[in-house]
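Student: I am new to this structure and would like to be walked through it. Could we take it question by question?
Tutor: Gladly, let us look at it together.

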Protein chains: 2
Amino acid sequence: TPHVYEYERDPAAIYRQSFATIEAEADLSALSEAARPLAIRLIHACGMVDVAADIRLSSGAVEAGRAAVGRVAGTASDQTLPIFCDSEMVARGIIARALPAGVSPVVTLNDPSVPDLAKRLGTTRSAAATELWRARLEGSIVAIGNAPTALFHLLEGIERGWPRPALILGFPVGFVGAAESKQALAERPHGVPFVTLLGRRGGSAMAAAAVNALTLGLGGDGT
Amino acid sequence: TPHVYEYERDPAAIYRQSFATIEAEADLSALSEAARPLAIRLIHACGMVDVAADIRLSSGAVEAGRAAVGRVAGTASDQTLPIFCDSEMVARGIIARALPAGVSPVVTLNDPSVPDLAKRLGTTRSAAATELWRARLEGSIVAIGNAPTALFHLLEGIERGWPRPALILGFPVGFVGAAESKQALAERPHGVPFVTLLGRRGGSAMAAAAVNALTLGLGGDGT
């Protein structure tokens with residue numbers, strides 16, 4: 001007789017049980033009411049409740065991100081809001097159905113100008129790609145889930161007078177520069193609202209989850 | 001005077017330092033020589049050296065994956081090798097430049113037939129999407145980085161006689177079914193070579209990293 005696999009198949013039940021498990025296990029007491037759905041989505045994306053302790057955000061950061069989305073959603077004009085992502089993976093993790101018209105992920109990493117720009121600037125392609133955000137950076141949302149150099153380069157730009165995004169979601173991951181870039185964001189955000197995760201952990205799924213928290217809260221996506 | 005950010009900007013140096021840190025910190029002693037580059041890439045993708053202890057793979061799994069890629073790379077014919085991914089994020093994390101001609105990621109999640117199929121089968125879209133892999137599953141590579149239901153549904157299919165992939169890379173993440181689906185893969189792989197990570201951790205970046213290890217080893221991708 002064939003082996004029978006017992007598992008939950010209902011998407012809504014999977015979401016509900018996931019969030020319930022997270023709420024039961026994670027210590028979210030240091031976070032504001034507005035920040036908790038975002039924290040829950042970050043935990044949901046990585047499967048680790050203990051990341052809650054490493055989340056850092058500026059006061060009102062979630063509200064600032066929601067307001068940026070809301071400004072576009074509420075207008076009849078052709079106003080747009082770019083969500084600048086440092087990788088295609090981040091962009092693909094953003095739940096498109098939840099984005100109001102005019103709000104869309106933008107990835108400049110594969111722009112044909114980027115390899116030469118990176119050489120000229122003596123940096124990575126990921127960092128050079130943030131130069132192409134500059135003209136539309138004012139009031140935008142930035143979601144970095146891969147490259148520490150992208151976050152560092154953005155902070156350097158803002159330090160030198162680049163326009164200010166409405167919110168930086170800083171989740172680079174890894175062993176070289178990730179912890180340092182996020183520490184730099186948390187310590188010296190130049191007045192820009194931010195959400196980040198201290199340490200080596202992070203990644204594109206968490207960066208995308210942070211965006212999804214702004215548009216969906218804890219609502220499901222129907223998958 | 002403006003704040004000066006000190007960080008590594010050279011892509012090759014970043015890769016080199018990352019892998020050196022991982023080799024210094026991670027305990028890879030339980031893994032075969034062939035499995036170590038894959039383990040290092042998994043760790044690199046998530047920023048956590050302790051995942052090494054949760055990696056499980058069948059004997060010869062990495063070699064089986066490399067052979068599947070090599071069979072296509074070595075032919076002058078139009079033979080192809082699909083890498084079936086359960087999400088666009090996994091597909092986007094696969095380094096396209098490293099794929100030989102004929103080897104390409106395939107994502108069926110957004111096929112127009114999937115929502116109705118999911119309803120009919122009483123399961124998630126992710127699980128239903130694996131039904132569309134069936135015709136080309138024989139000898140393929142499967143990379144699951146998101147949905148436990150996709151891995152469970154694939155295992156059920158193989159149990160009932162679906163064609164066998166050359167390799168299953170099983171990295172669903174989260175709180176409902178992720179640990180259970182990977183445990184099921186490790187305990188009852190039906191003779192299919194596999195690599196997985198026990199527990200709740202996983203994700204699309206790790207699934208993609210496992211694919212990249214097959215094609216690149218520890219080589220850099222130039223970003």
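**A guided look at the model**

Tutor: A salt bridge joins B:Arg9 to A:Glu156, with the closest N and O atoms 2.7 Å apart. Please keep in mind that this is a predicted model.

Student: Where do the two partners, B:Arg9 and A:Glu156, sit?
Tutor: The pair crosses between chains. B:Arg9 belongs to the segment before α1 (11-25) of chain B. Its partner A:Glu156 is found in helix α7 (residues 148-159) of chain A.

Student: Is A:Glu156 buried or exposed?
Tutor: Start with B:Arg9, which has a relative accessible area of 26% and is partly exposed. For A:Glu156 the relative accessibility is 13%. Buried means under 20%, so A:Glu156 counts as buried.

Student: How many salt bridges does a search of the whole structure find?
Tutor: The search runs over all chains. One of its finds is the pair A:Arg36 and A:Glu33, whose closest N and O atoms are 3.4 Å apart. In that pair A:Arg36 is partly exposed at 27% relative accessibility, whereas A:Glu33 is exposed at 61%. Over all chains, the number of salt bridges is 12.

Student: How many residues apart are B:Asp50 and B:Arg201?
Tutor: These two form a salt bridge with closest N and O atoms 2.9 Å apart. B:Asp50 is in the loop between α2 (36-46) and β1 of chain B, and B:Arg201 is in the loop between β6 and α9 of chain B. The pair therefore links distant parts of the chain, and the separation is 151 residues.

Student: Which of B:Asp50 and B:Arg201 is buried?
Tutor: B:Asp50 has a relative accessible area of 45%, so this residue is partly exposed. The other partner stands at 13% relative accessibility. The buried one is B:Arg201.

Student: Which residues of chain A are joined into one network by salt bridges that share partners?
Tutor: Salt bridges can be linked to one another when they share partners. In chain A, such sharing creates one network. Its members are A:Asp50, A:Asp54 and A:Arg201.

Student: Turning to the sheet in chain B, which strands are at its edges?
Tutor: This is an open sheet of 6 strands with mixed pairing, in the order β1-β6-β5-β4-β2-β3. An edge strand pairs on one side only. In chain B, those strands are β1 (55-57) and β3 (103-107).

Student: Which residue is the bridge partner of B:Ile83 in β4(B)?
Tutor: Strand β2 (residues 81-85) of chain B is joined to β3(B) by 5 bridges, and the two run parallel. There, B:Ile83 stands opposite B:Pro105. β2(B) also pairs with β4(B) in the parallel sense, over 3 bridges. In β4(B) the partner of B:Ile83 is B:Ile141.

Student: Which residue of β5(B) stands opposite B:Ala143?
Tutor: β4(B) and β5(B) run parallel and are joined by 4 bridges. Both faces of β4(B) are covered, with B:Ile141 and B:Ala143 buried on one side and B:Val142 and B:Ile144 buried on the other. Opposite B:Ala143 stands B:Leu169.

Student: How far apart are the C-alpha atoms of B:Leu197 and B:Gly170?
Tutor: B:Leu197 lies in strand β6 of chain B and is buried, with a relative accessible area of 0%. Residues that B:Leu197 touches include B:Val51, B:Ile55, B:Gly170 and B:Met206. Along the chain, B:Leu197 and B:Gly170 are 27 residues apart, and their C-alpha atoms are separated by 7.2 Å.

Student: Why is α1(B) described as roughly perpendicular to α2(B)?
Tutor: The axes of these helices come within 10 Å and cross at roughly 110°. Among the contact residues are B:Tyr15 and B:Phe19 of α1(B) and B:Ile40 and B:His44 of α2(B). Angles of 65 to 115 degrees count as roughly perpendicular, so the crossing of α1(B) and α2(B) is called roughly perpendicular.

Student: Which residues touch the most other members of the largest nonpolar core?
Tutor: That core has 104 residues. Leaving aside neighbours within four places in sequence, A:Leu169 is in contact with residues including A:Ile141, A:Ala143, A:Val195 and A:Leu214. The residues touching the most other members are A:Leu169 and B:Leu169.

Methods
Residues are numbered from 1 along each chain as its sequence is written. Chains are lettered from A and ligands numbered from 1 in the order in which they are written. This is a predicted model: local features need pLDDT of at least 70, side-chain atom pairs count only at pLDDT 80 or more; totals for chains, interfaces and linings use all residues. Side-chain values use heavy atoms; hydrogens and water are left out. A nonpolar core is a set of buried Ala, Val, Leu, Ile, Met, Phe, Trp, Tyr and Cys residues joined through side-chain atoms within 4.5 Å. Buried means under 20% relative accessible area, exposed over 50%, partly exposed in between (1.4 Å probe, protein chains only). Contact means heavy atoms within 4.5 Å. Two strands pair if DSSP finds at least two bridges between them. A salt bridge is a side-chain nitrogen of Lys or Arg within 4 Å of a carboxyl oxygen of Asp or Glu. Axes are lines fitted to C-alpha atoms, for helices over the stretch in contact, and angles run from 0 to 180 degrees between N-to-C directions. Angles under 35 degrees count as roughly parallel, over 145 as roughly antiparallel, 65 to 115 as roughly perpendicular and the rest as oblique.
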